[in-house]
Amino acid sequence: MFQAGDVVETDFEGFLKLLRSKTRAFVSINDHEYYITHTDGYWRVQDCETLNDKGHFTDCSELVSTVCEVVELPWICGKSLHDSFAGATVYEAVAA
């Protein structure tokens, strides 16, 4: 399990590089925390404020094959992470 660590000061292009190299990050948008991760060959976004019956974050996006796809999915009230990035805070993902 991972948790949000230090804030990462970055622009959108730097965020894409972070995801490609680390394969995971936390993002806060409108005071709501999300976890973006690459597992089992797919990228997904998970809602950190809603847990499933196993105590894991719940998926709030479909599974996609590339980081470029996951940042363009319209899962934030019809907007993508790319559209919402200007108001986002990025956190590194650290082992809990």
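**A guided tour of the chain**

Begin by selecting the charged side chains: the chain carries 7 positive and 16 negative ones, and the centres of these two sets lie 6 Å apart. Please keep in mind throughout that this is a predicted model.

Next, display the whole chain as a cartoon. Three helices and six strands should be visible. Followed along the sequence, these elements come in the order β-α-β-β-β-β-α-α-β.

Now reduce the view to the C-alpha trace. Along its principal axes, this trace spans about 35 × 30 × 30 Å. The radius of gyration of the chain is 12 Å, which agrees with the value near 12 Å that a compact globule of 96 residues would have.

Then switch on the surface. The chain exposes about 5,500 Å², of which carbon and sulfur atoms supply 47%. Buried residues account for 41% of the 96 residues. To consider how the chain meets itself, take the contacts with a separation of 6 or more: 46% of them are between residues 24 or more positions apart.

Finally, select Glu69, which is found in helix 2, residues 67-70. Is this residue buried, partly exposed or exposed? Glu69 is partly exposed because its relative accessible area is 37%, a value between the limits of 20% for buried and 50% for exposed. Add Ser65 to the selection: the side chain of Glu69 reaches the backbone nitrogen of Ser65 at 3.0 Å. Add Ser80 as well, and draw a line between the C-alpha atoms of Glu69 and Ser80; they are 9.8 Å apart in space, while the two residues are 11 residues apart in sequence.

Key: Residues are numbered from 1 along each chain as its sequence is written. This is a predicted model: local features need pLDDT of at least 70, side-chain atom pairs count only at pLDDT 80 or more; totals for chains, interfaces and linings use all residues. Side-chain values use heavy atoms; hydrogens and water are left out. Helices (H or I, at least four residues) and strands (E, at least two) are DSSP runs, numbered from the N terminus. The radius of gyration is taken over C-alpha atoms; the globule rule is 2.2 Å times the number of residues to the power 0.38. Buried means under 20% relative accessible area, exposed over 50%, partly exposed in between (1.4 Å probe, protein chains only). Contact means heavy atoms within 4.5 Å. Accessible areas come from the Shrake-Rupley method with a 1.4 Å probe; for residues, only the protein chains shown count as cover. Lys and Arg count as positive and Asp and Glu as negative; His and the chain ends are not counted. The place of a charge is taken as NZ of Lys, CZ of Arg, CG of Asp or CD of Glu. A polar contact is a pair of N or O atoms within 3.5 Å; within protein, one must be able to donate a hydrogen and the other to accept it, and residues adjacent in sequence count only if both atoms are side-chain atoms.
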